[in-house]
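This briefing covers two topics: a run of paired strands and the surroundings of one asparagine. The sequence and structure come first.

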Amino acid sequence: MEQESFRNSIGTVDTSGKRVWVFPKKPKGRYYRYRKYVSYLLLAIFFISPFLKIDGNQFLLFNILERRFNIFGFPFWPQDFYLFVLSMIIGVVFILLFTVAFGRIFCGWICPQTIFLEMVFRRVEYAIEGDRNAQMKLDKQAWDWEKIRKKGLKWLIFFMISFVVSNVFLAYLIGSDQLLVEIEEGPLKHLNTFIALLIFTGVFYFVFTWFREQVCIIACPYGRLQGVLLDNKSIVVAYDYKRGEGEKGRKKFRKNEDRQAMGHGDCIDCFQCVHVCPTNIDIRNGTQLECVNCTACIDACDEVMVKSGMPKGLIRFASEEEIAKKEPFRFTARMKGYASVLTILIGILIGLLFLRSDVQANILRLPGQLYQKQGDMISNVYTYKIINKTTQDFDHLTFKIVEPKQAQIEVVGNPDIHLGKQGLVSGTLFIKMHQAFVTERKLKLKIEVYSGKNRIESTTTTFSGPITF
């Protein structure tokens, strides 16, 4: 039970309940270099995407207020919201599958929180305040000129980064064109946007200056989900306790000592894996909720093993079964189940995208209106709404009733209808039919929409009238 006592608390809170500030050692090594490549690529995508356009459409746009979304340059309107929801579900299932197979690696390598904290804000901190020992010394130091200068410069740069990130984040929400217009016109003309910008800046500054790893440990629900999804077959950042502990446990390193003959494991108890951890855990205690699989401990341990003349891999990507039973990784039934669901969902999404039309027309009978009878003619009044999801204009829109051909259509108002790019046009129209052809209480109509001579959409509606015998 004493060996498991660490699970009763988190590494960033002491016994009195006060927060323990984490001063992680600056990581270095093979995995950290790979993480930097991945992070810089994702940061470039983040900063470029709202300003990149494909066929006039912003590459990524999440305009929640106007319910307009662009995914990889494809515009999604409120009528396409089911596609957006399906895309989000696919993303969730993918993360679930990835977690079941490879643990919380998403948190350490792809999560925006980790990327900004470790690859942007901490790197600024290392450049100004130095590595772990220098930061700890500065923290205990009295507020002299050196501390004021370093802390003040760091906090100023943190605020500037938060402000820039907030502007880019806002470009995803309102559109980069609108953001640039509002910047040019000044904050006084767009006070609501400016207030929102300051709020975002304050949130980012608070998270990356003070809250930091607490987001991953306390606030993020994915960390709790990890405990449900992981099992002893999942690949995680793991300490090989079989090799590291031996029969008599860990022991400090001494040159020319036969540790194996003495019954000690390869772990020399140097605590480098703890010092480099951004969430202040000891990976040697086993898989823990706080571990984000950032691999910093792997690089630190490998460096110590090389210097000690021992093989690398004391801490590595492995499953509990691989360490305990030397069993290789297998694609389990649970993983196959998630993979099957993911494949089906992706197939459905691809099919729906192919069926999705560039122009959507809806013609509906006016609610609460019955048919009107004028002599031998029966008429119904309708409202139409046509949405253009493309970046081209459509002029001279006309309606043609394909079935039944005896029906006549008449647009109320100006018959020369113009539909602009990514625009919407609506209006009223009448459909008339001789009562001799109204053979059902609700007759199905098929209507085509033309731009000049080109058919751009077809839709259906119903025609109401008395039944003739």
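The model is predicted. In it, strand β4 pairs with β3 and also with β5, in both cases antiparallel. Further along the chain, N380 is a buried residue in strand β10.

**Strands β3 and β4**
- Strand β3 covers residues 60–63 and strand β4 covers residues 68–71; 4 bridges join these antiparallel strands.
- One of the paired positions is L61, whose bridge partner in β4 is N70.
- The two strands make a hairpin with 4 residues between them.
- R67, in the turn of this hairpin, has a positive phi of about 55°.

**Strands β4 and β5**
- Strand β5 spans residues 74–76, and 3 bridges connect β4 and β5 in the antiparallel sense.
- I71 stands opposite F74, a residue of β5.
- A hairpin is formed here too, with 2 residues between β4 and β5.
- F72 lies in the turn between β4 and β5 and has a positive phi of about 55°.

**The setting of N380**
- Strand β10, which contains N380, runs over residues 377–388.
- N380 counts as buried because its relative accessible area is 1%, and the cut-off for buried is under 20%.
- The N380 side chain reaches the backbone nitrogen of S464 at 2.7 Å.
- Leaving aside neighbours within four places in sequence, the contacts of N380 include R365, Y371 and Q372.
- L429, F430 and I431 are also among the residues in contact with N380, as are T462, F463 and S464.

How values were computed:
Residues are numbered from 1 along each chain as its sequence is written. This is a predicted model: local features need pLDDT of at least 70, side-chain atom pairs count only at pLDDT 80 or more; totals for chains, interfaces and linings use all residues. Side-chain values use heavy atoms; hydrogens and water are left out. Two strands pair if DSSP finds at least two bridges between them. Buried means under 20% relative accessible area, exposed over 50%, partly exposed in between (1.4 Å probe, protein chains only). A polar contact is a pair of N or O atoms within 3.5 Å; within protein, one must be able to donate a hydrogen and the other to accept it, and residues adjacent in sequence count only if both atoms are side-chain atoms. Contact means heavy atoms within 4.5 Å.
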